[in-house]
Amino acid sequence: MTSILVRKQMLHAEVGKQMITKLARIAEVAKTKPNERFTSLVHLLNKQGLKDCYLELPAGKAAGIDKQTKEKYGMNLEANLEDLVARMKRQAYKPQASRRTYIPKDEKSVRPLGIPAFEDKIVQKAMSRILNAIYEQKFKGFSYGFRPGRNQHQALQDLDKHIMHPACRYVVDADIKGFFNHVDHDWLMKFLEHDIADPNFLRLIRRFLKAGIMEDGKFEATREGTPQGGVISPILANVYLHYVLDLWFDVYVKRKACKGKAEITRFADDFVCCFERKDDADLFYAELQQRLKKFNLSVAEEKTKIIRFGRGAENGGDGKPGTFDFLGFRHYWGKGKNGKHRLKRKTSPKKFQMRMRDFTAWIRKNRHMPEPELVESIRRKLQGHYQYYGVSDNFDGINAYFREVLHLTRKWRNRRSQKKSFTIEKFNMFLARNPLPKPRIMVNLYASKRL
């Protein structure tokens with residue numbers, strides 16, 4: 001029995017290596033032959049590839065309309081995957097509608113999410129691996145969102161490099177209005193067809209786009225958009241913006257339209273552009289509106305602005321240089337320790353308020369939790385906050401978060417009973433028993449390494 005199990009494990013490992021090799025070959029072709037169209041992809045959606053994707057998907061995530069979890073699906077995994085592959089081969093597989101749910105976006109609005117059925121998550125994961133193998137070779141270096149080995153801190157470093165260049169004088173802080181809700185399906189399919197010639201693979205993508213949304217038992221057809229929450233949505237969004245924005249900026253704006261230097265940093269649908277000349281910035285913003293309109297998108301005018309920013313900004317204008325928010329940080333032009341002006345960052349006030357509201361709601365709900373569990377949860381929340389917001393120049397921001405967490409912890413632990421006996425002295429004893437991680441800078445944005 002043991003030898004049979006070992007042979008199965010070895011076979012699984014060998015098949016897994018073969019899949020990795022096939023994806024690597026796709027990536028190599030995409031890199032060396034950029035005009036190549038891939039004609040045979042759907043065969044990679046085989047049982048072993050789908051099983052690998054099942055294993056990679058995290059457990060404990062929200063279920064779709066099928067109410068299926070990873071654990072339940074895995075109880076009969078082999079039979080479920082065999083049935084899935086059989087349906088895909090005879091083109092009988094059809095994705096289910098995504099379950100609509102909402103998460104807070106800010107104090108005034110919410111963000112809609114579409115949670116796919118678990119089986120659809122497996123297929124989307126497998127298709128995403130294939131799409132990433134193709135498009136990672138095509139995407140531009142200034143694109144950072146939802147890409148392997150890239151993150152927000154790298155995008156911030158890239159933006160810092162552009163703004164601190166002597167030629168940067170103006171910043172266009174642009175916002176695409178409801179991007180994920182307005183992706184045009186026909187345009188997206190045209191972009192994909194430019195690189196992929198496998199009709200069965202493309203048919204599956206279109207089926208995902210048209211699967212619809214289920215909310216409160218009511219089905220809603222999806223004529224546009226790609227739901228946030230879908231496993232395949234990030235790569236499809238990047239493909240769309242690669243053709244709509246990135247190539248246009250790199251080929252037309254930067255090299256033909258602008259008289260001076262122009263640069264862009266993009267993370268998903270959030271991007272900032274830097275210009276040497278004011279007339280170039282104005283031209284870009286005007287043409288951006290027309291460019292997005294062509295592809296069923298629009299600029300959120302109330303969130304988009306052109307500001308004087310960069311070297312010498314402290315000497316121009318009628319007051320202080322403007323500020324802009326990007327990836328959860330407020331960017332401003334201020335003095336460094338050497339007395340010279342440079343780009344600095346702090347936690348965006350809006351994001352700070354959201355974080356405090358989230359923690360307040362959590363501690364209020366969990367104030368009766370046993371002390372060891374409560375402390376461990378608070379530690380994880382603090383560490384997570386420091387990992388993201390603990391960047392160069394933002395010590396005051398993470399320290400303010402730490403102080404508020406202490407204040408709210410004492411406040412709500414003190415309300416566990418009417419006696420309110422959790423005094424400052426007892427709280428200090430609580431902290432002595434349960435030391436919490438102190439704020440510290442985790443990411444040095446002025447170097448390509450973590451501290």
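The lining of the second largest pocket divides into 14 nonpolar, nine polar and seven charged residues. This pocket belongs to a predicted model, and its volume is about 670 Å³. The largest pocket holds about 1,600 Å³ of space, and the structure also contains two cavities of 30 Å³ or more. The points below treat the pockets, the cavities, the nonpolar cores and three individual residues in turn.

**Second largest pocket**

- The second largest pocket has a volume of about 670 Å³, and of the 30 residues that line it, Leu-57, Gly-229, Gly-230, Val-231 and Pro-234 are the closest to its centre.
- At least two lining residues of the second largest pocket come from each of α3 (70–74), α5 and α9.
- Helix α5 supplies the largest share of this lining, with five residues.

**Largest pocket**

- The largest pocket encloses about 1,600 Å³ of space, and 45 residues line it.
- Nearest the centre of the largest pocket lie Lys-105, Arg-111, Asp-175, Asp-270 and Lys-351.
- Two or more residues of the lining of the largest pocket come from each of the strands β1 (98–104), β2 (110–115), β3 (170–175) and β9 (324–326), and from each of α11 and α12 (371–389).
- Among these elements, α11 gives the largest share of the lining, five residues.
- By class, the lining of the largest pocket comprises 19 nonpolar, nine polar and 17 charged residues.

**Largest cavity**

- The volume of the largest cavity is about 140 Å³.
- Its lining consists of 16 residues, and Ser-98, Gln-124, Phe-208, Leu-209 and Pro-227 are those nearest the centre of the cavity.
- The elements α5 (118–135), α8 (199–209) and α9 each contribute at least two residues to the lining of the largest cavity.
- Seven nonpolar residues, eight polar residues and one charged residue make up this lining.

**Second largest cavity**

- The second largest cavity contains about 40 Å³ of space.
- The residues lining the second largest cavity are His-162, Ala-167, Cys-168, Lys-261, Ala-262, Glu-263, Cys-274, Phe-275 and Glu-276.
- Strands β6 (262–267) and β7 (270–275) are the elements that provide two or more residues of this lining.
- Five of the lining residues of the second largest cavity are nonpolar, one is polar and three are charged.

**Nonpolar cores**

- The largest nonpolar core is formed by 76 residues, and those with the most contacts inside it are Leu-131, Tyr-135, Leu-192, Phe-275 and Phe-284.
- Helix α9 (residues 233–257) makes the greatest contribution to this core, with 12 residues.
- A second core, separate from the largest one, has 48 residues, including Phe-267, Trp-333, Val-391 and Phe-402.
- Phe-275 thus appears both in the largest nonpolar core and in the lining of the second largest cavity.

**His-162**

- His-162 is part of helix α6 (residues 152–163).
- The relative accessible area of His-162 is 12%, so this residue is classed as buried, the limit being under 20%.
- Not counting residues up to four places away in sequence, His-162 touches Cys-168, Glu-263, Ile-264, Thr-265 and Cys-274.
- Among these contacts, Cys-168, Glu-263 and Cys-274 also line the second largest cavity, as does His-162.

**Arg-87**

- Arg-87 is located in helix α4 (residues 77–89).
- With a relative accessible area of 18%, Arg-87 is also buried.
- A polar contact of 3.0 Å joins the side chain of Arg-87 to the side chain of Asp-83.
- Leaving aside neighbours within four places in sequence, Arg-87 is in contact with Ala-92, Tyr-93 and Glu-119.

**Lys-365**

- Lys-365 lies in helix α11 (residues 349–366), the helix that gives the largest share of the lining of the largest pocket.
- Lys-365 is classed as exposed because its relative accessible area is 72%, and exposed requires over 50%.
- In sequence, Lys-365 and Trp-412 are 47 residues apart, whereas in space their C-alpha atoms are 9.1 Å apart.

Terms used: Residues numbered from 1 in each chain as written. Predicted model: local features only at pLDDT ≥ 70, side-chain atom pairs only at ≥ 80, totals over all residues. Heavy atoms only, no water. Helix = DSSP H or I, 4+ residues; strand = E, 2+ residues; numbered from the N terminus. Buried < 20%, exposed > 50% of the residue type's maximum accessible area, 1.4 Å probe, protein only. Polar contact = N/O pair within 3.5 Å; in protein donor to acceptor, adjacent residues only side chain to side chain. Contact = heavy atoms within 4.5 Å. Core = buried A, V, L, I, M, F, W, Y, C linked by side-chain atoms within 4.5 Å. 1 Å grid on protein atoms, 1.4 Å probe; cavity = no way out; pocket = protein on both sides within 12 Å on 5 of 7 lines; lining within 4 Å. Points joined across faces, edges and corners; volume = space filled by probe spheres on them. Nonpolar A, V, L, I, M, F, W, Y, C, P; charged D, E, K, R; others polar.
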